[in-house]
Amino acid sequence: MRNDANGQSRRDFLAGAGFAAMSMMAGGCASGFKLGGNGSMSGFRAPRLERVRVGVVGVGSRGTYALKRLAFIPGVDVAAFCDINEEAMKRCRDFLAEKKLRPAREFLGPEAYKGLCQWDGVDVVYACVPWKLHAPVAIEAMRGGKHAFVEVPAAMDVDSCWELVKTSEATRRHCMMLENCCYGENEMLALNMCRLGVLGETVYGEAGYLHSGKTRGFKLSEFRAEWYQEHRGNYYPTHGLGPVAQYMNINRGDRFDYLCSMETKSVGDLIREGDPRWNGENLETFKKYKIGTYNSSLIRTVNGKVILLNLSCSAPHPYSRINTIQGTHGIFMDYPLRIDIEDTPGSGPHEVHRGRNNENYDSKRTAMYREKYMHPLWKQIGELAKKAGGHGGMDFLMDLRWVYCLQNGLPLDMDVYDLASWSCLCEITEKSQARGGEPTKIPDFTDGAWKTMQPLGIVTIDVSKMDFSNVGKAGPQQTIGHSKEG
Ligand SMILES: NC(=O)c1ccc[n+]([C@@H]2O[C@H](COP(=O)([O-])OP(=O)(O)OC[C@H]3O[C@@H](n4cnc5c(N)ncnc54)[C@H](O)[C@@H]3O)[C@@H](O)[C@H]2O)c1
């Protein structure tokens, strides 16, 4: 067993508060759900659910879109929803009534999610609450015998990541982070190319979340503004990193070892009158922010691969998750999409000699690869997903896929170890940058099982028995780069 540089190993966690909470759970819970053993959740299959009854906790911006989307996913019943805001509750109630769907049970109030998590009328808790509530809601859900699906990042600190892992293992409930970007069309294209070995061995990746809208045009929700005032580091690592981690088989043959993170001065320190980010009203808000304008981290894996991970939500930049993967036989670069493969030994990449201007890249060749290697899930359901919407269809595909897995007793594409190793970077990047970019260990949440865990395959869905006649009825969904986050 190894210690991470934050001084915490799995043994430390078991000896501390996390384990105390787990011991309390061992007696079972109010709904009568009995806790199981403590085995790994890798490849875990839960008993099949014919219909999946979902309770949405937090029906603000993201949660309302999710509730509307889920209401028209074949095999799903929106059975409950919860918020502290009566207006948000009414919006969801009215939506279900207007669409002539069965009314859902309502839970109102700051602690009401606990009642929802214990209620036998739901199988799944889908959490779209402010960041600090993600882990408490997911833990409560699993203790109540429910599968927990939680928005990004699933937890903001290393201890909470451990607690999610241990709770999932003890309760034998799925705990999945809703990392929709793993289902993006280009991300799945890259994943498919990696699975087919087209790029050779992956050696280097670039990931990020660059979204200048966050502190410019939008009024920030309180929990985001609060975080920016209290923290530094990469607080939103998973959108770019999740897909790249899948390309590289992180937790399935390799794992993150350590990272070095650096951050620029804070937004508040950099902003001046006349700055395009200053709209005349938000100067005082900016001045309070501790968060840097740009965070850049380098992650090294145990097998010697490297990932560059960037975050900036306050400098002008076209929306980008970077989404680049370098292999020994070729490269996949996104934003804009460029694919280059050394298809015959010694032929050399086709684009290198064409210079630095992106306009010169061979778009026909990229289009040919895109067509040839499109992920089967996108080939199958891509048009439908685009019609359903949600960040270009990836939200719909993500939900459709986990619902399908639950209905068929299949392992989920992303497990609690992915959730923990991607989310824990919020704290680890913050610590590393505070110590001048010091290499900082990333815990092995799998406790060594990464060596034998199987890579995610090329997943599909049997759509032959699915009724998609209601797709599109949910109404408008979020678009890429036009929401506060996402
Ligand atoms: N994956 C994506 O593409 C994507 C996109 C947008 C947001 N998100 C994530 O979704 C989450 C929510 O973001 P948002 O933009 O919808 O924020 P929001 O502020 O609009 O919504 C949060 C909701 O949670 C409710 N809430 C607060 N405390 C609660 C409690 N104790 N019990 C129940 N409800 C409570 C609030 O009243 C609000 O309605 C965040 O984690 C964010 O990172 C993800």
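**Strand β9 and the largest nonpolar core**

Strand β9 (residues 295–301) is mostly covered, with 5 of its 7 residues buried, where buried means that 20 or more other C-beta atoms, placed from the backbone, lie within 10 Å of the residue's own. Strands here are DSSP runs (E) of at least two residues, and helices are DSSP runs (H or I) of at least four, numbered from the N terminus. This is a predicted model, in which local features need pLDDT of at least 70 and side-chain atom pairs count only at pLDDT 80 or more, while totals for chains, interfaces and linings use all residues. Residues are numbered from 1 along each chain as its sequence is written.

**Strand pairing around β9**

- Strand β8 (residues 256–263) pairs with β9 in the antiparallel sense over 7 bridges, pairing being assigned if DSSP finds at least two bridges between two strands; Met262 stands opposite Ser296 in β9.
- With strand β10 (residues 306–312), β9 pairs in the antiparallel sense over 6 bridges, and Ile299 stands opposite Ile307 in β10.
- The hairpin of β9 and β10 has 4 residues between the strands, and Gly304 takes a positive phi near 85 degrees there.

**The nonpolar core**

- The largest nonpolar core (buried Ala, Val, Leu, Ile, Met, Phe, Trp, Tyr and Cys residues joined through C-beta atoms within 7 Å) has 125 residues, and Val125, Ala138 and Leu164 have the most contacts inside it.
- Helix α15 (residues 394–407) gives the largest share of this core, 10 residues.
- Leaving out residues up to four places away in sequence, Ala138 touches Ala127, Ala148, Val150, Ala154, Leu164 and Cys175, a contact being C-beta atoms, placed from the backbone, within 7 Å.

Conventions
Buried ≥ 20, exposed ≤ 12 C-beta atoms within 10 Å, placed from the backbone. Contact = placed C-beta atoms within 7 Å.
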